[in-house]
Amino acid sequence: MKTFRQIWAASRQGGRFLWLSRSQWLGIALGQVISALVCVTGITSQSLAQDYGVNAPSTQTVLNYVLLCGYLFLVWRHAEWSALRGRWWWYLPLAVVDFEANYLVVKAYQYTSITSVMLLDCFTIPSVMVLSYIFLRTRYTKGQLAGVAVALLGMAMLVVPDALLNEEHTEAGSSPLLGDLLCLASSVCYACSNVAQEKILKVAPRREYLAMLGVFGTAISAIQLLALERAELSTLRWSPPIFGLIAAFALTLFIMYSLVPAMMVLSGATMFNLSLLTSDGFAILAAIFLFNSPPSAAYFFALGTIGIGLIVYNKFAPPEEAPGTSESSLQPKDDAEKRLLSSSLEVQDGPSGENGDLSRTG
């Protein structure tokens, strides 16, 4: 009988482990890392709002964009200014959409319940699929659609029981309709941002994308901060916990943003958003340790259902679109792994214009 190490090593030579290729498993694993980071940003943001009364989404996100500007050094180091001059304008509308997506979802919490936000946020997935179908010419198999349905079912199993259990104790918000509309608008903005990001990363290096998103994101968030949050900041009682939570939020968001391009290249926008469905599951696990509120077995069953949906989605990906499943031997797999590692650990060694050669998973 082969050991786990032998089976995993064989996957590098063109084999598969539990129906999926090595690159597909790497995409699933990276998606869960990003999902956990999203959970951390949610916890810190919620703590700022509920415990300290901080209502300044632009202030929370501006530091993240400032940190992303650090990738300009890598662009300069690799002498890529000439290529950047021809496409710098791509990043301005992308930064606007990306920032407003973050801003709108934070504002939605002021007007509607957290249950509504979590449910309506799933609208990002069908939006991404439609936009990918139109602009990226992505074609989904029936098996992939079934995987999406299973993952969304798992998400509903996470959220709906809490909504029914806490219906009498959960405030609907000051204006539920407005909050729901803001959440839907945020979902569409996230979908546009994700699909545009996947498209850009086919022809531009990841360090360039992150650097320019940082430059334009910093400018946009600073303008909106001065326009909408001056009164909030002037009355805010700054303290070490507030500074710490904002710094933790920004640093976590920066790490997440740095990993997302690798996820897009490896698995695509649809798989990325499906992976984020487990962030609510991570929030439940966090509640066990932070608030001593153990979940029922149904929560773990729901998480397992989402996991099954992710595996089914990857299992039925068209062979010509799945990283590491092309008819050639092991070069595509090695390329995918090298691109993932170069983006998350050694961005300075990442690819340049050759990103267009790598097909997406979804």
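**Exercise 1. Place Phe-249 in the chain, decide whether Phe-249 is buried or exposed, and name its contacts.**

Solution. Phe-249 lies in helix 13, where helices (H or I, at least four residues) and strands (E, at least two) are DSSP runs numbered from the N terminus. The model is a predicted one, in which local features need pLDDT of at least 70 and side-chain atom pairs count only at pLDDT 80 or more, while totals for chains, interfaces and linings use all residues. Residues are numbered from 1 along each chain as its sequence is written, and side-chain values use heavy atoms, with hydrogens and water left out.

The next step is accessibility: buried means under 20% relative accessible area, exposed over 50%, and partly exposed in between, with a 1.4 Å probe and protein chains only. Phe-249 has a relative accessibility of 7%, so Phe-249 counts as buried.

The last step is to list contacts, a contact being heavy atoms within 4.5 Å. Leaving aside neighbours within four places in sequence, Phe-249 is in contact with Thr-41, Thr-44, Ser-45, Gln-60 and Thr-61. One of these, Ser-45, is 204 residues from Phe-249 in sequence, yet the two are 7.0 Å apart in space, C-alpha to C-alpha.

**Exercise 2. Describe the chain as a whole by its helices and strands, its buried share and its contacts.**

Solution. Counting the elements gives 17 helices and zero strands in the chain. Turning to burial, buried residues make up 50% of the 362 residues. For the contacts with a separation of 6 or more, 88% are accounted for by residues 24 or more positions apart.

**Exercise 3. Find the salt bridge and explain which parts of the chain are tied together.**

Solution. A salt bridge is a side-chain nitrogen of Lys or Arg within 4 Å of a carboxyl oxygen of Asp or Glu. A search of the whole structure finds one, and Glu-208 forms this salt bridge with Arg-87, the closest N and O atoms being 2.6 Å apart. Glu-208 lies in helix 11 (residues 206-228) and Arg-87 in the loop between helix 5 (81-85) and helix 6 (91-108), so the pair ties together parts that are 121 residues apart in sequence. Both Glu-208 and Arg-87 are buried.

**Exercise 4. Describe the largest nonpolar core, and follow Leu-68 and Phe-272 to their contacts.**

Solution. A nonpolar core is a set of buried Ala, Val, Leu, Ile, Met, Phe, Trp, Tyr and Cys residues joined through side-chain atoms within 4.5 Å. The largest such core has 64 residues, of which Ile-34, Leu-68, Tyr-91, Leu-274 and Leu-277 touch the most other members. Helix 13 (residues 240-267) gives the most to this core, with eleven residues.

Not counting residues up to four places away in sequence, Leu-68 touches Leu-210, Ala-211, Leu-213, Gly-214, Phe-254, Tyr-257 and Ser-258. Apart from the largest core lies another, of nine residues, among them Ala-101, Ala-108, Leu-182 and Tyr-190.

Phe-272 is found in helix 14 (residues 269-275) and is buried, with a relative accessible area of 6%. With residues up to four places away in sequence again not counted, Phe-272 touches Ile-34, Asn-194, Val-260, Met-263 and Met-264. Phe-272 and Ile-34 are 238 residues apart in sequence, and their C-alpha atoms are 8.8 Å apart in space.

**Exercise 5. Compare the setting of Thr-305 with that of Arg-137, and state the phi of Arg-137.**

Solution. Thr-305 lies in helix 16 (residues 297-315), and at 10% relative accessibility Thr-305 counts as buried. Leaving aside its neighbours within four places in sequence, Thr-305 is in contact with Val-150, Gly-154 and Met-157. The C-alpha atoms of Thr-305 and Leu-152, 153 residues apart along the chain, are separated by 8.9 Å.

Arg-137, by contrast, is found in the loop between helix 8 and helix 9 (142-165), and at 68% relative accessibility Arg-137 counts as exposed. The phi of Arg-137 is near 55 degrees, which is a positive value in a residue other than glycine. Most residues other than glycine have a negative phi.
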